[in-house]
Amino acid sequence: MSEVKVAGVVAQEPCVFCEIIAGRAPADVIFEDALTAAFVDLRQFHPGHMLVVPKAHVADVRELDDRTGGALMATVSRVTRAVAEAFPHEGISLWHSIGPAAFQEVPHLHIHVHPRRWDDGFLRVYPGELPSSTAEERRRYADRLRPLLSPAPVASAALDLVSLIVPDYDVAIRFFVDVLDFTVAEDRPSLTTDGRAKRWVVVRPPHRGTGFVLAKADGAVQQEAVGTQWAGRVGLFLRVPRLDETLARIRAAGLVVEGEPRRESYGAVVVFRDPFGNRWDLLGAS
């Protein structure tokens, strides 16, 4: 394995991270999915230093597509929670370096997850007190960036929202927020097509993903559809990082749980019914 210079960065050829992902180089891999992997860093200033990488070879975060970027951040969050639980720390640093001035050593995007201790003197961002910028300077910097951050065209299709017919907005919001840990992304006044008042309510899971439009049943036909949109079949599939915790909230809310979690090839799964009668698959980590 030879060393080469990539934009001033000393790198190995072939890429050592690509070799790890392919199983041709040794590493203690702690997690992987279709798009990302995480493994133990060789250097352990404090125990628990991990690296999270995309499986595709990209030099840095500027080359990420949205799908891989979302998957990468989901894995970073997952690994950070595990490190926080497994290793002593008073804080955790996450960082990604780009180019030689930032001391990037391997030209394959990687995010460090590193436990920190008080006054450890490690990875100090600023050498000392820095003067504050002026309001005019900040305005100029923002003006320079805004044109470069205009919405990009959609690179690929994605399912953004699904309508769920519910009997009451606030009851549905409490279920999604208190039981499923969703967030209310939108809740504003709106009008029906014939001009009557309604609300536009959207809830989403914590890391965005497909959301629900909570559509209050309007008229007899829609009222009959509450809880029966999928004709008694499991119609909704929710994967959660900690199945036991979510299941405990579901039971505490008095909702129907159909049996106990069972293990399938795709992970732990159990069926439950929401307050309106819809059947869901609650899926644990794969």
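**A tour from Leu145 to a ring cluster**

Select Leu145: at 47% relative accessibility, this residue counts as partly exposed, because the partly exposed class lies between the buried limit of 20% and the exposed limit of 50%. Keep in mind that the model is predicted.

Now show helix H3, residues 135–145; Leu145 is found there. Add Leu148 and Leu149 to the selection. Together with Leu145, they form a nonpolar patch on the surface. The accessible area of the three leucines together is about 360 Å².

Next, turn to the aromatic rings. The structure holds twelve aromatic pairs. Start with Phe175 and Phe176. Their ring centres are 5.0 Å apart and their planes stand at 65°, so this pair is edge-to-face. The cut-off for that label is an angle over 60 degrees.

Are these two residues buried or exposed? Phe175 is buried, with a relative accessible area of 3%. Phe176 is buried too, at 0%.

Stay on Phe175 and add Phe276. These two also form an aromatic pair, again edge-to-face. Measure centre to centre and expect 6.4 Å, with 85° between the planes. Which parts does the pair tie together? Phe175 lies in helix H4 (residues 169–179), while Phe276 sits in the loop between strand E14 (267–273) and strand E15 (279–283), so the linked parts are 101 residues apart in sequence. Both Phe175 and Phe276 are buried.

Last stop: widen the selection to Phe175, Phe176, Phe182, Phe212, Phe272, Phe276 and Trp280. Ring pairs link these residues into a cluster.

Technical notes
Residues numbered from 1 in each chain as written. Predicted model: local features only at pLDDT ≥ 70, side-chain atom pairs only at ≥ 80, totals over all residues. Heavy atoms only, no water. Patch = residues over 30% accessible without salt bridge, like charges linked within 9 Å, V, L, I, M, F, W, Y side chains within 5 Å. Areas by Shrake-Rupley, 256 points an atom, 1.4 Å probe, with all protein chains shown as cover. Salt bridge = Lys/Arg side-chain N within 4 Å of Asp/Glu carboxyl O. Helix = DSSP H or I, 4+ residues; strand = E, 2+ residues; numbered from the N terminus. Buried < 20%, exposed > 50% of the residue type's maximum accessible area, 1.4 Å probe, protein only. Phe/Tyr/Trp six-rings, centres within 6.5 Å; stacked < 30°, edge-to-face > 60°.
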